[in-house]
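Colleague: I should like to go through the contacts between protein and DNA in this model. Could we take the strands in turn?

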There are 2 protein chains.
Amino acid sequence: MADRAVTLADVARRAGTSTAVVSYVINDGPRPVAAETRERVLAAAAELGYRPNRVARALRSRTTGVVGLVLADASNPYFAALARCIEQALDEHGKLTLIGNAGYAAERQRNLVERFLAAQVDGLVIVSADGGTDVAAGAEAAGVPAVYVHNQPTRAHAPVVAADNRTAVHEAVAHLRWHGHERIAFLAGPHDIGPVGLRRQNWHTAVADAELLRCDYSRAAAATSAERRITDGAMPRALITATDEQAIGILAGARTRGLSVPDHLALISLDGTPDSAYTAPALTVTRQPLQAMAEHAVDQLLGTTTPPSVPDAALVIRHSCGCRPTTDCTTNSRHSPE
Amino acid sequence: MADRAVTLADVARRAGTSTAVVSYVINDGPRPVAAETRERVLAAAAELGYRPNRVARALRSRTTGVVGLVLADASNPYFAALARCIEQALDEHGKLTLIGNAGYAAERQRNLVERFLAAQVDGLVIVSADGGTDVAAGAEAAGVPAVYVHNQPTRAHAPVVAADNRTAVHEAVAHLRWHGHERIAFLAGPHDIGPVGLRRQNWHTAVADAELLRCDYSRAAAATSAERRITDGAMPRALITATDEQAIGILAGARTRGLSVPDHLALISLDGTPDSAYTAPALTVTRQPLQAMAEHAVDQLLGTTTPPSVPDAALVIRHSCGCRPTTDCTTNSRHSPE
DNA sequence: CTGAAAGCGCTTACAG
DNA sequence: CTGAAAGCGCTTACAG
C-alpha cells in the first residue's frame, strides 16, 4: 500500500511554494498567507491526500496534544463513568487521551506515569485508588502539569478535583433520621484514606456514636460481609455505604439471606453511578457531579480558564432508603414530612 | 523547573562517547557495546536522570508504540469491560493505548480514526456500535493495520474478532425449554445488524415461530418497553435479550409493574458482563469471552503469533431463568433434569 | 567495537 | 507576503 506517506514538502512542491507557507496555511498561522497562495496549497493538499504528521509536529513544537489518564480500573463503573467524562472534556479541548489502568498497584501506576512522560504528554490526569504515591511530583519535575481527580495521595503537591460531600452526607443522615432511624452505621473501605475517609468523617460529624463497618470495595467483598453480619445478627438497620459497588454487594448479600431492603435495612450510597438507578430496590444516593469534576480538572490542567468550582454532591432519593415508589418522596428532599 | 530535558546527546557528552553508542545501550542493540562503555553510559544516564523522548524516537524509527482504541461508549459496562481487557493485552505487548469514544456517531468515529492516524498509531482496534462505516479501510490505505472487535460494519475488509454465539444461544433456548417454556421470545436491537443480528439468527434457527421484540439498547428504553408490554398483557413468558443492558432494563420494568422474574417471566441475557451477577434476580447469561477476544484481537493486530481461535460464549446459569438459589442448577448445564 | 553525520517531517526565527 | 535553512531528539547506514 502506502509506499511513503505524503509530506508537507510534497505539498509545497506541488503548490510551487515553500514548506513554511504550507505550514502556515495548514495551521492557519502564525503568519498570514495570500488568499491565492492559500488556495493553491489547499488544493495540492487535497489532491495528494495530505495528512499532517503529528509526531513530527510534536517534536518540533514541543507539544503533542496528548494527555495521559491514569486510572485504577476502567471496568469499575464509577471510574468508567469518570473516565468517559474526562475523555470527553479533553476532546472538547482538542486533546487526545492516552489511557492506562494501574489496577490498584502503586508500582504499575508509577510505571504508567513514566511511560506517559516518555511519550511527552502535555499533561496528566490521575484518578488513583487509595494509597498511591505522589506520582504527580515526578510529572511536575519534568515540567508536565498534573491534576488528581477524586483521590489524592497524602501530602501530594498537585491540585485535587473532588466534590464536597459534606452537605450531601449530612442530608443522607437527615433523610434516614426522617425515616425514623436513630443509629446510622457507615460502611467504609479497609482504611481511612482518600475520599472515603472524608465521607466517613462527614458521616461521623453527623452521627456521634453509631457503628463503623469496613470491607474491601468490591461487590463480592461487600456481599460476603453482609451475609456474615446478617447471619450473626449484626447488621445495622440503617447504613450508608461509601461506594455504589459496596451498596450493590450489600443488596446481593441481603437478598441471599432473605433480608428485605429497605424494610429491615435502609441503605444510602455515596457515588450515584448510573448503575445505582437500576438495582432492586433502586438506590438512594448522593450523586457525584462527575461531568463537572472532569471539566473542572481539564480546565485546571490546561489552564485555559479559571474554572468554576465543582458543585457539591446531591442527594437523589429513590427506594433503598425506605421511600416507596407509590409515595412521592422526591419532594421530600428537605427531609420534612410536610 | 526543568529548564530543558536531558537528551541523549547530554548523556553521550557526559559518558565521553557518541550518541550512537548511547542509543545502542539504551535500546540494547542493534549493535554490541563493550561492557565497560555500557557501564559508563548507564551511569551517565542515571546521574542525569535521562528519560528517552519517545516522539523523537517515533519520528526517526517510524513506530510510536501506540495503538488507537476507538469505542462507542466506555461507560457502557460491556464496552468498559472489553476496553479494559484490550488495554491490558496491549500493555502486555508494550503498547500504549490512545482511547476515544465515538458515541454511536459515525462521523465522530471517522474523526477519531483520522486523528489517530495523524498521531501515527501503530494499529487500530475498533469496537464500534451498529451501523458504522468501514473506518478500517482508511487505516489500511495508510498502511496501518486495523482489527474490529465485537462488531464489524457490513462489507468491511479488516478482520473481526468475535465469539461464536451459536452453541450458547442454542443452549439458552434448550435451558428455557427444560424449564417448560415452549415459546421463547427474543429482544433484539432496533435493526438486524452486527452481533445482535447474529444472535437473533441463532435464536431463530432454534425457535421457529416465537415472537421477535425490538427496542433500543439502553436500560431506560428496555424498561419503558417492558412496562408497556406488561400493561398491555403482551409480555412473553420466556425471553432472551441480546444484551445485558436490555435485560437490566427489563428487570427494572418488571419490578415497576410488579411482574415476578422468573415466576412470570424467565429471562436469559447474552452478554454476561460482571453486572449480570448482581441483579435481582441474578441473570442467567451467555458469557462472552472478553479477555480471549481482546488477546486474540491484539495478537492479530500486532501479528506476533498465529492467535488461537476465540472460544465460544458459555452459558452461565443463575436465577433469572427459573433455577432457584436452593436448587443446584449449575450441574444442569446439560439441560437434562437427570 | 565506536564515531561523525544524515535524516525522520515538521515549525519558526531570519532575511528579503 | 514568501523562501532558504536550522533544528527538535532520536536511529542507523557508512566508515573506520
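Modeller: A polar contact is a pair of N or O atoms within 3.5 Å. Please bear in mind that this is a predicted model.

Colleague: How far is a phosphate oxygen of DNA strand C from an N or O atom in the side chain of T37(B)?

Modeller: T37(B) is listed with R31(A), R60(A), T17(B) and R62(B) as the residues that come nearest to DNA strand C, out of 29 around the strand. Sugar and phosphate make up 55% of the strand C atoms that come within 4 Å of the protein. The side chain of T17(B) places an N or O atom 2.4 Å from a phosphate oxygen of strand C. For T37(B), the corresponding distance to a phosphate oxygen is 2.2 Å.

Colleague: Which residue has a polar side-chain atom 2.4 Å from a base oxygen of DNA strand C?

Modeller: R31(A) and R60(A) are among the residues that come nearest to DNA strand C. The polar side-chain atom lying 2.4 Å from a base oxygen of that strand belongs to R60(A).

Colleague: Which element gives the largest share of the surface near DNA strand D?

Modeller: Helices α2 and α4 of chain A, and α2 and α4 of chain B, each supply at least two residues of this surface. In chain B, the side chain of N27(B) has an N or O atom 3.0 Å from a phosphate oxygen of strand D. The largest share, five residues, comes from α2(B).

Colleague: How many charged residues does the surface near DNA strand D have?

Modeller: There are 28 residues around DNA strand D. By class, 12 are nonpolar and 10 polar, and the charged residues number six.

Technical notes
Residues numbered from 1 in each chain as written. Chains lettered and ligands numbered in written order. Predicted model: local features only at pLDDT ≥ 70, side-chain atom pairs only at ≥ 80, totals over all residues. Heavy atoms only, no water. Near = heavy atom within 4 Å. Polar contact = N/O pair within 3.5 Å; in protein donor to acceptor, adjacent residues only side chain to side chain. Helix = DSSP H or I, 4+ residues; strand = E, 2+ residues; numbered from the N terminus. Nonpolar A, V, L, I, M, F, W, Y, C, P; charged D, E, K, R; others polar.
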